[in-house]
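Here is a short briefing to read alongside the model. Keep the viewer open and follow the topics one by one.

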Amino acid sequence: MATILVVDDEEPIRSLLAMVFEDGGHRVLQASNGQQALDLLGRERADLVLSDVMMPLVDGIELCRRLKAAPSTAALPVILMSAASRWNSSDAGADALVAKPFMLDDVENLVQRLLPAAS
């Protein structure tokens, strides 16, 4: 069972993704912005982070940069989600970028593909 951290300022999206991954047997942590995610990761271990890009306080790009810069989380797979087409996953060192709106199957497949590297 992997632990997935879902970070999005839109509660319905967090809840939907949490439900999908919990139904798949995973433990899901949730945060509504990048700062909450960083605080949570200071207390909890995650195997993968799935984060929106555009959020208040600390956005997904900055969250990813901080995670990839810290030795304790540098190998943590990060998937960014964005409705904006101007982002590139390499902008922050993310492992993948998912365009919003997304197909749940595509997100699930991507998460499953990246999880073995984290487990």
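**Overall layout**

Read from the N terminus, the protein chain follows the order β-α-β-α-β-α-β-β-α. That amounts to four helices and five strands, where helices (H or I, at least four residues) and strands (E, at least two) are DSSP runs numbered from the N terminus. Please note that this is a predicted model: local features need pLDDT of at least 70 and side-chain atom pairs count only at pLDDT 80 or more, while totals for chains, interfaces and linings use all residues. Residue numbers start from 1 along each chain as its sequence is written, and side-chain values use heavy atoms, with hydrogens and water left out.

**Burial and contacts**

- Of the 119 residues in the protein chain, 50% count as buried; buried means under 20% relative accessible area, exposed over 50%, and partly exposed in between, with a 1.4 Å probe and protein chains only.
- Taking contacts between residues at least 6 apart in sequence, 61% join residues at least 24 apart; a contact means heavy atoms within 4.5 Å.

**Nonpolar cores**

- In soluble globular proteins, nonpolar side chains tend to be buried together.
- A nonpolar core here is a set of buried Ala, Val, Leu, Ile, Met, Phe, Trp, Tyr and Cys residues joined through side-chain atoms within 4.5 Å.
- The largest such core holds 21 residues, and L5, V7, L41, V49, L63, L67 and L80 have the most contacts inside it.
- Two or more residues of this core come from each of strand 1 (3–7), strand 2 (27–31), helix 2 (34–41), helix 3 (60–69) and strand 4 (78–82).
- A second, separate core has 20 residues, including L48, M81, F102 and V111.
- Leaving aside residues up to four places away in sequence, L80 touches S51, V53, G60, I61, C64, A94, A96, L97 and V98.

**Helix 2 against helix 3**

- These two helices pack at an angle of about 25°, with their axes 9 Å apart; axes are lines fitted to C-alpha atoms over the stretch in contact, and angles run from 0 to 180 degrees between N-to-C directions.
- Helix 2 is therefore roughly parallel to helix 3, a label for angles under 35 degrees.
- On the helix 2 side, G34, Q35, A37, L38 and L41 meet L63, R66 and L67 in helix 3.

**T3 and L48**

- T3 lies in strand 1 and counts as buried because its relative accessibility is 5%.
- Beyond residues up to four places away in sequence, T3 touches R27, L29, R45, A46, D47 and L48.
- L48 belongs to strand 3 (residues 48–52), and at 0% relative accessibility L48 counts as buried.
- With the same sequence neighbours left out, L48 touches T3, I4, L5, L76, P77, I79, V111, L114 and L115.
- L48 and Q112 are 64 residues apart in sequence, yet 10.0 Å apart in space, C-alpha to C-alpha.

**Backbone points to check**

- Most residues other than glycine have a negative phi, and most peptide bonds are trans.
- L57, in the loop between strand 3 and helix 3, has a positive phi near 65°.
- At 74% relative accessibility, L57 counts as exposed.
- The C-alpha atoms of L57 and S32 are separated by 9.9 Å, with their positions 25 residues apart along the chain.
- The peptide bond from K100 to P101 is cis, with omega near -5°, and P101 sits in the loop between strand 5 (96–99) and helix 4 (104–118).

Technical notes
Angles under 35 degrees count as roughly parallel, over 145 as roughly antiparallel, 65 to 115 as roughly perpendicular and the rest as oblique.
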